[in-house]
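This report is an introduction for a reader who has not met this structure before. Please keep the sequence and the three-dimensional view at hand while reading.

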Amino acid sequence: MWSSAVYWANSWSSPMHGLKGSSRSRVSLLGRRRLCSCKSPRKILCASTAPLLNLGDGNASYESNCSNTTENLARSTSLKDEANILIECRDVYKSFEEKQILNGINFKIRQGEAVGIIGPSGTGKSTVLKIMAGLLAPDKGEVLICGKIRHGLIDDEEITGLRIGLVFQSAALFDWLNVRENVGFVLYEHSKMPHDKIAERVKETLAAVGLKDVEHKMPSELSGGMKKRVALARAIIYDNTKEEIVPEVLLYDEPTAGLDPIASTVIEDLIRSVHLKGESRAGKLGKIASYVVVTHQHSTIKRAVDRLLFLHEGKIVWEGMTHEFTTSTNPVVEQFALGCLDGPIKY
Ligand SMILES: Nc1ncnc2c1ncn2[C@@H]1O[C@H](COP(=O)(O)OP(=O)(O)OP(=O)(O)O)[C@@H](O)[C@H]1O
């Protein structure tokens with residue numbers, strides 16, 4: 001049976017920011033094992049053994065052009081299909097001290113979906129990702145992983161069969177490790193692959209995100225866009241010597257924040273493309289998995305997302321396909337889409 005695992009696909013700002021108590025102590029165990037001396041926690045990985053994905057028929061191809069980027073996954077995903085729900089939030093509430101952030105949110109992430117979470121700043125989008133990833137527990141409500149209620153946080157032993165990766169917003173690659181060690185982290189920590197094979201996988205994965213000859217560089221020597229690509233490589237690297245690749249959902253928190261339009265396009269296309277490939281030792285293509293992107297950028301919504309959830313005042317107030325977003329007559333969505341000062345959203 002596959003095991004579930006939540007990992008820090010990419011710890012842009014400190015991954016421990018916002019974590020308290022047991023979560024913090026568990027996550028703080030992340031560090032070098034072979035790369036440093038501490039022991040790794042049972043099921044928490046620092047980067048992904050992400051299955052790179054196909055669209056189910058094994059023949060899916062990805063064209064990185066403007067016209068078709070939002071359509072492929074949408075076609076393969078029927079919203080009426082209640083089967084294959086990978087993650088579900090049921091009536092989830094969360095507050096921080098006196099402040100009520102989530103007020104009973106409900107949504108499902110199905111196999112193969114590319115979902116965006118949008119909404120005003122401070123409305124709780126990152127909190128939703130952390131709850132989905134199991135880094136924060138809801139005060140009330142349930143999170144179901146592959147139909148099973150998750151009772152605890154990331155080290156829940158009961159959930160099997162799905163990996164959940166969280167890709168943080170700000171570039172905080174481990175600054176004491178070079179690019180090879182950062183990208184290969186999960187393989188050094190959690191696989192039996194020999195180091196020379198890991199180095200090969202790192203090289204291949206860096207090539208997949210358009211980088212070469214950077215393995216020996218330190219994060220401080222990289223531009224912001226390069227750091228994001230390195231972090232993406234760390235999120236998608238996987239052990240291809242295994243017979244099976246564990247299905248996975250990747251959660252991206254503002255992956256294009258702070259990038260120029262062209263660098264954003266590169267990342268958006270990478271987010272799409274890395275979900276369409278992947279092969280295990282047995283030559284099996286990776287299982288279709290899904291991803292969720294929290295973003296404020298229109299280009300990211302258009303290029304990297306098929307379905308949108310709009311979060312406002314602690315609730316999902318609108319849900320629809322990306323192309324419906326700009327034509328919605330929901331006043332909250334309309335105001336947000338047009339960037340108007342007048343409307344129900346108050347700043
Ligand atoms: N660990 C925490 N402790 C206390 N307050 C928190 C914590 N995490 C988040 N918050 C608060 O919860 C609210 C929602 O934060 P969150 O980061 O989820 O919003 P967001 O919608 O992702 O915001 P943005 O779009 O600006 O990134 C904010 O007011 C934030 O200050």
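The sections below go from the whole chain to a central strand, a nonpolar core, an antiparallel sheet and a helix.

## The chain as a whole

The structure is a predicted model, and its protein chain has eleven helices and twelve strands. Of the 347 residues in the protein chain, 46% are buried. Among contacts between residues at least 6 apart in sequence, 72% join residues that are at least 24 apart.

## Strand S9 and its partners

Strand S9, which covers residues 248–253, is mostly covered, with six of its six residues buried. In a regular strand the side chains alternate between the two faces of the sheet. In S9 both faces are covered, for Glu248, Leu250 and Tyr252 on one side are buried, as are Val249, Leu251 and Asp253 on the other.

S9 pairs in the parallel sense with strand S8 (residues 163–167) over five bridges, and within this pairing arginine 163 has glutamate 248 of S9 as its bridge partner. Strand S10 (residues 290–294) also runs parallel to S9 and is joined to it by five bridges, with tyrosine 252 standing opposite valine 293 in S10.

## The largest nonpolar core

The largest nonpolar core holds 72 residues, and the members that touch the most others are Met132, Val249, Leu251 and Val292. Helix H7 (residues 224–236) supplies the largest share of this core, namely six residues.

Valine 292 shows how residues far along the chain meet: once its neighbours within four places in sequence are left aside, it is in contact with Ile109, Val115, Ile117, Leu129, Val249 and Leu251.

## An open antiparallel sheet

Four strands form an open sheet in the order S4-S3-S6-S7, and their pairing is antiparallel. S4 and strand S7 (148–150) stand at the edges with a single partner strand each, so one side of each has no neighbour in the sheet. From one strand to the next, the twist averages 25°.

Within this sheet, strand S3 (residues 85–96) and strand S4 (residues 99–110) pair over nine bridges in the antiparallel sense, and serine 95 stands opposite glutamine 100 in S4. The hairpin of S3 and S4 has two residues between the strands, and in it glutamate 97 takes a positive phi near 50°. Strand S6 (residues 140–145) is joined to S7 by three bridges, the two running antiparallel, and isoleucine 145 stands opposite lysine 148 in S7. Helix H3 (residues 125–133) lies across S3, S4 and S6 and runs at about 125° to S3.

## Helix H6 and its two sides

Helix H6 (residues 195–208) has 14 residues, which at 1.5 Å a residue should span 20 Å, and this agrees with its end C-alpha atoms, which are 20 Å apart. Its buried residues are Ile198, Arg201, Val202, Thr205 and Leu206. Seen down the axis of H6, these buried residues fall within an arc of 135°, so they line one face of the helix. An α-helix has 3.6 residues a turn, so residues three or four places apart point the same way.

The buried residues of H6 pack against helix H4 (179–183), helix H5 (185–190) and H7, whereas Asp196, Glu204 and Ala207, on the other side of H6, are exposed. After H6 comes glycine 210, whose phi is positive, near 80°.

Note on methods: Residues are numbered from 1 along each chain as its sequence is written. This is a predicted model: local features need pLDDT of at least 70, side-chain atom pairs count only at pLDDT 80 or more; totals for chains, interfaces and linings use all residues. A residue is buried if 20 or more other C-beta atoms lie within 10 Å of its own, exposed if 12 or fewer, and partly exposed in between; C-beta atoms are placed from the backbone. Two strands pair if DSSP finds at least two bridges between them. A nonpolar core is a set of buried Ala, Val, Leu, Ile, Met, Phe, Trp, Tyr and Cys residues joined through C-beta atoms within 7 Å. Two residues are in contact if their C-beta atoms, placed from the backbone, lie within 7 Å. The expected span of a helix is 1.5 Å times one less than its number of residues. The arc is that of the directions from the helix axis to the C-beta atoms. Axes are lines fitted to C-alpha atoms, for helices over the stretch in contact, and angles run from 0 to 180 degrees between N-to-C directions.
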